[in-house]
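Thanks for making the time this morning. Please have the sequence and the model open side by side while I talk, since I will keep pointing from one to the other.

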Amino acid sequence: MAFTTNATIASFGGKLLKLTHAAKSTNCDMNLNLYLPPGSNSGKKIPVLFYLSGLTCTGDNCAEKGFFQHKASEKGIAVVYPDTSPRGLKIEGEDDAYDFGSGAGFYIDATKEPWSKGYNMYTYITSELPQALFSSFEQLDKERVSITGHSMGGHGALTLYLKNPTLYKSCSAFAPIANPINAPWGQKAFSGYFGENNTSKWKEHDATELIKSYKGTPKILIDVGTGDNFYKQKQLLPENFMAAAKEAGVDGCVKLRMQDDYDHSYYFMASFADEHVEFAAKALGV
């Protein structure tokens with residue numbers, strides 16, 4: 001699947017490519033950013049870190065404000081910044097709210113019409129996009145991939161990692177929606193995409209539920225700011241995730257760091273971006 005390169009931007013010694021491609025799973029053209037570190041054309045395979053953005057965001061926000069390229073450049077890691085939903089499907093109501101529809105795909109495959117016609121971000125992120133990238137950019141190492149994300153994207157990173165233990169070497173998250181079935185954001189999204197009564201499907205995309213039955217030794221790092229208003233409003237619920245990890249006997253493999261005074265913004269993320277890339281780098285063997 002061919003990509004169109006709309007721009008090439010120098011960043012921390014490497015190149016940030018602004019790409020577009022036609023995606024079958026989302027039934028539309030999808031935009032994304034791909035950061036290639038210095039030396040990406042040396043013939044050596046480059047490990048990959050997928051970054052999933054939060055509500056209202058596109059692939060541009062973190063590429064411009066998250067400073068992931070700084071440490072990725074040093075470690076020789078490529079970073080993929082996908083969009084957060086399909087765009088322009090002309091579904092009634094898709095642009096009516098910041099927390100549902102456009103910019104709010106929640107990294108699930110919708111089962112409820114009309115959303116099922118394109119809101120298939122789970123398939124897009126775990127299957128279609130990586131297949132397209134690895135076939136188009138041969139320097140990317142499909143055997144060494146990690147995942148991270150922020151807020152809704154933190155939810156996505158955790159659930160995709162826990163549901164696909166062979167796809168990703170590690171997972172980290174900034175202020176994730178860690179227990180969406182018990183949070184207003186998650187309840188609204190899952191009701192709309194799956195149906196109000198399809199609670200078994202809800203649980204399939206809830207990190208707190210998934211960690212309870214996880215087999216293996218997870219590698220997970222989570223940062224949450226104590227000054228985060230969404231944390232205070234019980235949208236994130238990281239304690240529920242940690243309690244479930246403890247119940248499953250894997251809490252020793254999950255590190256939750258409560259960062260004093262930090263909020264939900266990119267100031268928070270940029271402050272700890274280097275550490276999250278370092279965490280991924282260790283798992284990726286670089």
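I will go through the annotated positions, then the helix that follows one of them, then the nonpolar core, and finally one loop residue.

Before anything else, please keep in mind that what you see is a predicted model. Let me begin with the record: UniProt, in an unreviewed entry, lists Ser-151, Asp-228 and His-264 under "active site". These three span 114 residues in sequence, yet no two of their C-alpha atoms are more than 11.0 Å apart, so in the model they gather at one spot.

Taking Ser-151 by itself, we find it in the loop between strand S6, residues 140-150, and helix H4. Is Ser-151 buried or exposed? Its relative accessibility is 3%, and because the cut-off for buried is under 20%, Ser-151 counts as buried. If we set aside residues up to four places away in sequence, Ser-151 touches Gly-54, Phe-174, Ala-175, Pro-176, Ile-177, Trp-185 and His-264.

That brings us to His-264, which sits in the loop between strand S9, residues 254-259, and helix H10. His-264 is buried as well, with a relative accessible area of 14%, and, with the same sequence neighbours left out, its contacts include Ser-151 and Asp-228, along with His-150, Ala-175, Phe-230 and Leu-236.

Now to helix H4, residues 152-163, whose twelve residues reach 16 Å from the first C-alpha to the last, close to the 16 Å expected at 1.5 Å a residue. How many of the residues in H4 are buried? The count is eleven of its twelve, so to speak a mostly covered helix, and among the buried ones are Gly-153, Gly-154, His-155, Leu-158 and Leu-162.

Two of those leucines lead into the nonpolar core, by way of a phenylalanine. Leaving aside neighbours within four places in sequence, Phe-241 is in contact with Leu-158 and Leu-162, and also with Ala-178, Ala-207, Thr-208, Ile-211, Ile-220, Ile-222 and Val-254. The largest nonpolar core has 95 residues, and Phe-241 is among those with the most contacts inside it, together with Phe-68, Phe-106, Leu-133 and Ile-220. Helix H10, residues 266-284, gives the most to this core, with nine residues.

Last, a loop residue: Gly-43 lies between strand S3, residues 28-36, and strand S4, residues 46-52. With 72% relative accessibility, Gly-43 counts as exposed; Gln-139 is 96 residues away from Gly-43 in sequence, but the two are 6.7 Å apart in space, C-alpha to C-alpha.

Terms used. Residues numbered from 1 in each chain as written. Predicted model: local features only at pLDDT ≥ 70, side-chain atom pairs only at ≥ 80, totals over all residues. Heavy atoms only, no water. Core = buried A, V, L, I, M, F, W, Y, C linked by side-chain atoms within 4.5 Å. Buried < 20%, exposed > 50% of the residue type's maximum accessible area, 1.4 Å probe, protein only. Helix = DSSP H or I, 4+ residues; strand = E, 2+ residues; numbered from the N terminus. Contact = heavy atoms within 4.5 Å. Expected span 1.5 Å × (residues − 1). UniProt positions renumbered as here; feature names shortened; annotations may be inferred.
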